[in-house]
Amino acid sequence: MSAAKQLPVLDTSVAPSAARKVGDLKPDLLLTQEHNMCPGCGEPLVLRSFLEALSELDVAQRSIGILGVGCYTSFGMTMDVDLVQALHGRAPSIATGVKRMRPDSIVFTLQGDGDMVNEGLQEVLHTAARGENVTCILLNNGVFGETGGHMTATTVLGQRTKNSLEGRDAAYHGYPILIGDLLARLEGAAYVARGSVHNAGAVARTKKMLKRAFEIQRDGGGFTFVEVLTMCPTGWFIPTGEGPDYMHSTLGEVHVMGELKADGRIKSTEELHEENAKRQQEIEARLAAGGLEEDS
Amino acid sequence: MTTTIKSRGTIKSRGTITIDLDTCKGCELCITACPPRVLSMTEHAVNRLGYHYPELHPGCTGCAACLFVCPDFCFEVFRYDEPVLTVIETVAEVAQ
Ligand code: SF4
Ligand code: SF4
Ligand code: SF4
């Protein structure tokens with residue numbers, strides 16, 4: 001790092017000639033790249049991933065999103081997708097109605113952990129149990145970010161939040177709900193995955209999960225669920241640069257990344273841990289060799 | 001004080017990026033995400049929003065890790081058809 005600092009600064013204001021573009025500024029479905037999220041917030045990374053997935057599957061024109069209530073709700077102003085604003089926690093029920101009335105559309109919800117797991121736990125559980133052909137996307141950061149960073153039902157033991165300053169204590173606050181694991185057990189859930197945005201490899205993998213979920217919905221496969229761990233440095237009271245590592249070592253240890261249920265098979269937490277360790281090695285090797293782009 | 005050139009070398013860049021400085025919120029996520037560590041934050045300069053922003057040094061591979069992790073959509077990533085070489089002169093200051 002300090003070695004690089006001694007080196008000259010290159011011009012990054014104009015696109016080079018004799019080069020091919022391998023990454024766009026913003027997804028086509030986002031009207032502007034500007035947004036109101038805090039520095040270092042993980043939510044815009046998920047926004048990019050699912051908007052790109054919708055474009056790549058060429059279903060954006062018939063997609064309808066149902067927004068919960070949280071910081072991410074402000075994306076409703078800049079996303080070029082038809083949207084319905086739900087009351088706190090009720091997005092999966094509205095999604096059910098929309099999908100049943102318009103079975104040809106691709107219906108997804110965008111909710112935070114406070115919205116989905118606290119305010120509206122029964123909505124998502126019943127929607128999954130009924131096997132509704134919709135996709136629920138959960139942005140999980142373990143705090144109510146929008147209202148100041150207090151504890152939610154997914155806050156992990158020991159995690160410091162505004163109303164668990166000494167860390168979440170099982171004896172006093174109870175245990176976290178691992179919503180992905182819970183939903184995977186329901187017969188009606190066809191696909192349950194948990195992504196994360198703590199590094200580039202994880203973001204790429206999360207996008208694949210979102211794409212797979214939309215594909216399953218498109219093909220009439222039933223209820224799909226993608227949870228993504230996102231940084232909330234503001235709510236966690238930590239420097240932005242420490243967000244990814246903090247998240248991976250606290251939330252990521254409990255809410256373990258991976259495809260929890262796919263093709264009718266449920267994976268154990270141990271299995272997921274093992275897979276992750278292997279993948280991380282592969283990704284590091286590929287990054288060192290020069291790119292994530294070949295990722296299929 | 002006078003300066004003398006001690007050595008010359010070249011650094012190969014297989015790719016490059018553009019940075020939209022004015023939307024950057026200075027979170028530094030791109031700095032640690034960059035595998036060859038060729039991004040660094042400005043120490044003094046700030047953008048329109050008042051944040052320090054990243055600068056690119058030679059050696060980019062065009063891997064797009066910075067783009068994947070930037071919450072504020074500041075990057076475009078390119079790969080050169082032919083790698084670009086930057087000549088580096090290591091300068092030593094010699095006191096008279
Ligand atoms: S409060 Fe947290 S979740 Fe909300 S925008 Fe800020 S960092 Fe993101
Ligand atoms: S494209 Fe890769 S090597 Fe180039 S600046 Fe971004 S992260 Fe670094
Ligand atoms: S990740 Fe994006 S917003 Fe954060 S410092 Fe880098 S360019 Fe700026």
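Ala, Val, Leu, Ile, Met, Phe, Trp, Tyr, Cys and Pro count as nonpolar, Asp, Glu, Lys and Arg as charged, and the others, Gly among them, as polar. The exercises below use a predicted model.

**Exercise 1.** Sort the residues that surround ligand 1 by class.

Solution.
- Step 1: list the shell. Ligand 1 is surrounded by A:Met37, A:Cys38, A:Cys41, A:Glu43, A:Cys71, A:Asn141, A:Gly145, A:Cys232, A:Pro233 and A:Thr234.
- Step 2: apply the classes. A:Glu43 counts as charged, while A:Asn141, A:Gly145 and A:Thr234 count as polar.
- Step 3: state the result. The shell divides into six nonpolar, three polar and one charged.

**Exercise 2.** Describe the surroundings of ligand 2 and of ligand 3 in chain B.

Solution.
- Step 1: place the ligands. Ligand 2 sits in the largest cavity, and ligand 3 in the second largest cavity.
- Step 2: name the closest residues. Around ligand 2 there are 14 residues, with B:Cys34, B:Cys60, B:Cys63, B:Ala64 and B:Cys66 the closest. Ligand 3 has 13 residues around it, and B:Cys24, B:Cys27, B:Glu28, B:Cys30 and B:Cys70 come nearest.
- Step 3: give the classes. For ligand 2 the shell holds twelve nonpolar, two polar and no charged residues. For ligand 3 the division is nine nonpolar, one polar and three charged.

**Exercise 3.** Characterise the interface of chain B and chain A.

Solution.
- Step 1: count the residues in contact. Chain B contributes 47 residues and chain A contributes 52.
- Step 2: give the area. About 4,000 Å² is buried between the two chains, and carbon and sulfur atoms give 63% of that. On the chain B side, B:Phe68, B:Phe73 and B:Arg79 lose the most area to chain A, together 21% of what that side buries.
- Step 3: count the polar links. There are 17 residue pairs in polar contact across the interface, both residues being at pLDDT 80 or more. The count of salt bridges between the chains is two.
- Step 4: give a salt bridge by name. The side chains of B:Glu76 and A:Lys21 meet at 2.7 Å, N to O, which is within the 4 Å cut-off.

Notes
Residues numbered from 1 in each chain as written. Chains lettered and ligands numbered in written order. Predicted model: local features only at pLDDT ≥ 70, side-chain atom pairs only at ≥ 80, totals over all residues. Heavy atoms only, no water. Near = heavy atom within 4 Å. 1 Å grid on protein atoms, 1.4 Å probe; cavity = no way out; pocket = protein on both sides within 12 Å on 5 of 7 lines; lining within 4 Å. Sits in = over half its atoms within 2 Å of the grid points. Contact = heavy atoms within 4.5 Å. Buried area = accessible area lost by both parts, 1.4 Å probe. Polar contact = N/O pair within 3.5 Å; in protein donor to acceptor, adjacent residues only side chain to side chain.
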